[in-house]
Amino acid sequence: MADVEENDIQARHRKERKDLQAKIQELKKTSKSDKKKKKESLEEIARLESELEKRHAEELNALNRERKESESTVEGDHDHEEGSDKKNRQSKAQRRREKKEKEERDREAMILAAEAMNINTARQKEYLAILQLLQGRSLTMHDIPSDGNCLYNAVNHQLNITGRKVFDVSSLRSMTAEYILANKDSLLMYMTNPETNNPLTDAEFEKYCDSVKNTAAWGGQIEIKALSHTLHVPIEVIQAEGPPTVQGEEEFKGPNLILTYHRHMYSLGEHFNSTKSAPEPTPDNLEDN
């Protein structure tokens, strides 16, 4: 029963996150031509995401508390059958355990809530910093879904707007995996096991390439290098901190494929967005400023 309830909660959480993303897209659309409204929308988006993540964490913690309390009740009923003396001894021990467990759960809930707030604060700062960098280049951000394929979809969007040949995600993944396999000797020194931090074994390398090709594994610097050399294009990545990085700048002709890299965009991990030309300012926008 508890597993069914947890599945229901997780399904509802997924729906609420999806609904929030739709609301965020609507907020962005209604404010994209007004800088003042855009700033207010970004603050509202950060607040909504923070509140949703905090509430989801609290609901999951509440479910865990109910589950542990139910288990404790079953254990208490069993103790009663063993005799009153044993029950009294175990009841004291059980109360101590419950008190300790409650303190630990409360501590975990506080940590999760604090982390949700910190994530969103960092996300907002990062988002605004990248927007400012893009504005200096007359660019704006083009949102890419966070589904594990963000790098490949961002590259495809850039291929399209720069007038180059577009590929489906499956083809891009296959081309990337083939490049990594073919250049094992030069790439392996940059690849490590995330759990042990040791260089990949041959078996781990083969598994890595298979995941690039056949799963929604997130792509990073290795995959960017592979895509640049496979597509014969320079790929530029803009981030909040540090100068942009350009892969293939010396080997291939522009225009660059310009992506943005986000460490804090989503609580699940890193993310890539694409870019596009910013709309020309209108007289109304100039008056607002």
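Select Ala240 to start: with a relative accessible area of 27%, this residue is partly exposed. You are looking at a predicted model, so treat each stop as a feature of that prediction.

**Around Ala240**

Ala240 sits in the loop between β2 (235-238) and β3. Now add Ile130 to your selection. In sequence Ala240 and Ile130 are 110 residues apart, yet their C-alpha atoms lie 5.1 Å from each other in space. Which residues touch Ala240, once neighbours within four places in sequence are left aside? Show Glu126, Ala129, Ile130 and Leu133, and you have them.

**Zoom out to the whole chain**

Colour the protein chain by secondary structure, and nine helices and five strands appear. Starting at the N terminus, their order is α-α-α-β-α-α-α-α-α-β-β-β-β-α. If you colour by burial instead, 34% of the 289 residues count as buried. Contacts across long stretches of sequence are worth a thought too: among contacts between residues at least 6 apart in sequence, 63% join residues at least 24 apart.

**Arg123 and Thr275**

Select Arg123 next, in helix α3. Is Arg123 buried or exposed? Its relative accessible area is 7%, so Arg123 is buried. Add His262 to see another pair brought together by the fold: 139 residues separate Arg123 and His262 in sequence, and 8.2 Å separates their C-alpha atoms.

Move on to Thr275, in strand β5 (residues 269-277). Thr275 has 2% relative accessibility and therefore counts as buried. Met141 is its partner for a distance check: the two are 134 residues apart in sequence and 4.5 Å apart in space, C-alpha to C-alpha. Leaving aside neighbours within four places in sequence, the contacts of Thr275 include Leu134, Leu139, Thr140 and His142. Also in contact with Thr275 are His157, Gln158, Ile161, Ile258 and Thr260.

**Helix α7, one face at a time**

Select residues 202-214, which form helix α7. How far apart are the end C-alpha atoms of α7? They are 18 Å apart, and this agrees with the span of 18 Å that 13 residues should give at 1.5 Å a residue.

Show the side chains of Phe205, Cys209 and Val212, which are buried in α7. Turn the view to look down the axis of α7: its buried residues fall within an arc of 55°, so they line one face of the helix. On the other side of α7 you will find Ala203, Lys207 and Asn214, which are exposed. What covers the buried residues of α7? The cover includes α4 (150-161), α5 (169-182), α6 (184-187) and α8 (221-231).

**Helix α5 and its crossing with α8**

Keep α5 on screen. This helix has 14 residues and reaches 20 Å from its first C-alpha to its last, close to the 20 Å expected at 1.5 Å a residue. Its buried residues are Val169, Leu172, Arg173, Ser174, Met175, Thr176, Ala177, Tyr179 and Ile180. They pack against α4, α6, α7 and α8.

Hide everything but α5 and α8 for a moment. Two packed helices are described by the angle between their axes and the distance between the axes. Here α5 and α8 pack at an angle of about 100°, with their axes 9 Å apart. That angle makes α5 roughly perpendicular to α8. On the α5 side, the contact is made by Leu172, Met175, Thr176, Tyr179 and Ile180. From α8 come Ile222, Glu223, Lys225, Ala226, Leu227, His229, Thr230 and Leu231. Sorted by class, this contact has eight nonpolar, three polar and two charged residues.

**Three backbone stops**

Finish in the loops, with the backbone displayed. Ser138 lies in the loop between α3 (84-135) and β1 (139-142). Its phi is near 55°, a positive value in a residue other than glycine. Ser138 counts as exposed, at 51% relative accessibility.

Asn197 is in the loop between α6 and α7. Although Asn197 is not a glycine, it has a positive phi of about 65°. With a relative accessible area of 60%, Asn197 is exposed.

The last stop is Pro255, in the loop between β3 (245-247) and β4 (257-266). What kind of peptide bond joins Gly254 and Pro255? The bond is cis, with omega about 5°.

Terms used. Residues are numbered from 1 along each chain as its sequence is written. This is a predicted model: local features need pLDDT of at least 70, side-chain atom pairs count only at pLDDT 80 or more; totals for chains, interfaces and linings use all residues. Side-chain values use heavy atoms; hydrogens and water are left out. Helices (H or I, at least four residues) and strands (E, at least two) are DSSP runs, numbered from the N terminus. The expected span of a helix is 1.5 Å times one less than its number of residues. Buried means under 20% relative accessible area, exposed over 50%, partly exposed in between (1.4 Å probe, protein chains only). The arc is that of the directions from the helix axis to the C-beta atoms. Contact means heavy atoms within 4.5 Å. Axes are lines fitted to C-alpha atoms, for helices over the stretch in contact, and angles run from 0 to 180 degrees between N-to-C directions. Angles under 35 degrees count as roughly parallel, over 145 as roughly antiparallel, 65 to 115 as roughly perpendicular and the rest as oblique. Ala, Val, Leu, Ile, Met, Phe, Trp, Tyr, Cys and Pro count as nonpolar, Asp, Glu, Lys and Arg as charged, and the others, Gly among them, as polar.
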